[in-house]
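Let's take a walk through a protein together, looking at how its helices and strands sit against one another. Keep the 3D view open as you read, and find each piece before moving on to the next.

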Amino acid sequence: MDRILAAGSRDEYGQVLQEKQDIIFKISHQLNQAGFIPIKTSLIERQSTFDRYPGTDMFHLYDQAGENLVLRPDMTLPVARFIETHYRSQAPNRLYYIDDVFRKTDYLSGDYNQETQAGIELIGDASLGAEQKAIEIMLNLAANFNLGQLEIVLGDASLIDTILASFPALSNQQRQALKKSIEQKNLSRFQELTKHLPGLPTVLTDWPLAFGQRGEEILPKLGQIPGLKPIITKWQKIADFIHQHFPNIKVTVDLAGQAPQPYYTGTMIQGFLPDLGETLFSGGRYDSLLKNFQGDFCPALGMGLNIQRLMAAQKQPAKGQHPIVVVLAKGRVEEDVRPLLQAAGIDTSPLEHPGRRLIFESADHQFRFILVKPTDVLKYLDRGIGYIGVVGSDTTDEQEQNHYDVLDLKRGQAEFVVAAPAGFNLNDSQRYRIATKYPKRAGSYFNSRGQDVELIKLEGSVELGPLTGLADAIVDISQTGNTLKANQLEVYDTVCQVSTHLLVRRGALWQHQQQLTKVIEALINELKGV
């Protein structure tokens, strides 16, 4: 067993490694020729370098003195650390790196936790020329490889905040909740939050979907919002530059884009591969990250290219007519949502008599359905097998969120509850033992109450926990309460609501925007009567 790799790791060997080496050589040669200076930062960094990196997906370790260290999950922050500590006068203004970053993935998900990035950093240039140069470099790099169609997507880290600032009655908490719903493309949550929001422009009623073609249609109608004109003007100049120098490259916008990192301050740029449904390169401005030795902020812009995705794009066959793959939680979820999907224009008739089959295709070949256990839906979705996922929110709450939770389908509705035998005191200060199938949801609930509990994860009937003395109480799903009553358990609190949700893989919303938007809009119309 000691010869087996850790989960999420991989060896590179032979032809595949040679292909990667060839790519790295071509990229480094081109960047050297363009006058960029190579930089190689340490693989191991102090954890304090990433205090501005909010993720919990870092690999942690300790040095001989017990200091907290990490494997770098990001390349920009180490470059910033290098510049801030090494240059008292003018820092080099054009740097490039080709190196690995490490990020924890969902355990046993099949994802890799190591990827190779090639990136550039333009330091000290606040002009539009920095954005133009970065795009030019990335598109010239991509031209070396047979990648098919490539689109440039323009966004801005300040755009959502700028629009929300035009609603002065909103509290900071409301703004943050709205921003989160927009960035995560959560239409159900957005509509709930804006139901009584006065003055919301009609064109923004489905703001989470305001990207690509929809974003371009909306953009001209937002010019009167204070603060947006400089952003729109800058985008137009960037688009003009691309059309002049790269006439075959499509340029579009994202009015609902999320900054890749919290230190982004302005223009965001993505190079999207529609055939692959993935972003090849991305980056943007981070003018408030770098400081010189006088403490003044230094404008900067960075772009990173994912070499594994570049290799995958080279092997991607030409785009053809491929069905949209829907991954359904089999059983009650699939049975409950099938009529709703049918009403929204999706031919679900192949699912009516499934037999022992697990993969089905609609008669018009527009949709393919895969039936899996609820806990497996997200793995198929996030690994790119499926485009749409349909599963209960109880399942998504317990797994990593690498997709968009777009709609609450209002099917399979139930509640997470705290239940226990008669006489239980939920507010007692003692440390209770809580049995549950859902430790993340249960832990979040008790943390919000400031209560310290011992969680016991069970796979079977959690009601047995209090009955046998294994636990004091349970956190579980209840629809009618009949099972709890049959086992002499009473409900002491409602944790949250549970229902079936429509999920969409991140790249799929761009890859199949027209078809998926049509489905989402049809589902919204069907749900209005619920």
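A residue counts as buried when its relative accessible area is under 20%. Keep that cut-off in mind, and remember too that you are looking at a predicted model. Now find His512, in the loop between α16 (506-511) and α17 (513-527). Is His512 buried or exposed? Its relative accessible area is 7%, and because buried means under 20%, His512 is buried. Leaving aside residues up to four places away in sequence, His512 touches Ile324 and Tyr387.

From that loop, step onto α17 and look for its packing partner. Helix α10 (residues 332-343) packs with α17 at an angle of about 115°, and their axes are 9 Å apart. The two helices, α10 and α17, are therefore roughly perpendicular to each other. Their crossing, α10 with α17, is right-handed. Which residues make this contact? From α10 come Leu340, Leu341 and Ala343, while α17 brings Leu523, Glu526 and Leu527. Sorted by class, the contact of α10 with α17 has five nonpolar residues, no polar ones and one charged.

Next, trace the chain back to strand β24 (residues 500-505). Six of the six residues of β24 are buried, so this strand is largely enclosed by the rest of the structure. Look at where its residues point: Thr500, Leu502 and Val504 face one way from β24, His501, Leu503 and Arg505 face the other way, and all are buried.

What does β24 pair with? Strand β17 (residues 388-392) pairs with β24 in the antiparallel sense, over five bridges. To see one of the matches, find Gly389, whose bridge partner in β24 is Leu503. Strand β18 (residues 403-408) also pairs with β24 in the antiparallel sense, over five bridges. Here you can look for Leu407, whose bridge partner in β24 is Leu502. As a general point, strands of a sheet pair through backbone hydrogen bonds, either parallel or antiparallel.

Now for a sheet where the pairing is mixed. This open sheet has five strands, in the order β21-β20-β22-β19-β23. Which strands stand at the edges? They are β21 (454-457) and β23 (490-498), each with a single partner strand, so one side of each is left without a neighbour in the sheet. From one strand to the next, the twist averages 25°. Zoom in on the β21 end, where strand β20 (residues 433-436) and β21 pair in the parallel sense over four bridges. Within this pair, Ala435 stands opposite Ile456 in β21.

There is another open sheet to visit, this one with three strands in the order β2-β4-β3 and antiparallel pairing. At its edges stand β2 (44-46) and β3 (59-62); each has a single partner strand, so one side of each has no neighbour in the sheet. The twist in this sheet averages 40° from one strand to the next. Four bridges join β3 to strand β4 (residues 68-71), and these two strands run antiparallel. You can check the match at His60, which stands opposite Val70 in β4.

Let's finish with two more helix pairs. Helix α1 (residues 14-33) packs with helix α3 (residues 128-142) at an angle of about 140°, with their axes 10 Å apart. That leaves α1 and α3 oblique to each other. In passing α3, α1 makes a right-handed crossing. The contact is built from Ile27, Gln30 and Leu31 of α1 together with Ile137, Asn140 and Leu141 of α3. By class, the contact of α1 with α3 has four nonpolar residues, two polar and no charged ones.

The other pair is helix α5 (residues 172-183) and helix α6 (residues 187-194), which pack at an angle of about 150° with their axes 8 Å apart. Why is α5 called roughly antiparallel to α6? Angles over 145 degrees count as roughly antiparallel, so the angle of about 150° makes α5 roughly antiparallel to α6. The crossing of α5 and α6 is left-handed. On the α5 side, the contact is made by Ala177, Leu178, Ser181 and Ile182, and on the α6 side by Arg189, Phe190, Leu193 and Thr194. The residues of this contact of α5 with α6 divide into five nonpolar, two polar and one charged.

How values were computed
Residues numbered from 1 in each chain as written. Predicted model: local features only at pLDDT ≥ 70, side-chain atom pairs only at ≥ 80, totals over all residues. Heavy atoms only, no water. Axes fitted to C-alpha atoms, helices over the stretch in contact; angles between N-to-C directions. Parallel < 35°, antiparallel > 145°, perpendicular 65-115°, else oblique. Left-handed = near helix turned anticlockwise from the far one by under 90°. Contact = heavy atoms within 4.5 Å. Nonpolar A, V, L, I, M, F, W, Y, C, P; charged D, E, K, R; others polar. Buried < 20%, exposed > 50% of the residue type's maximum accessible area, 1.4 Å probe, protein only. Pairing = 2+ DSSP bridges.
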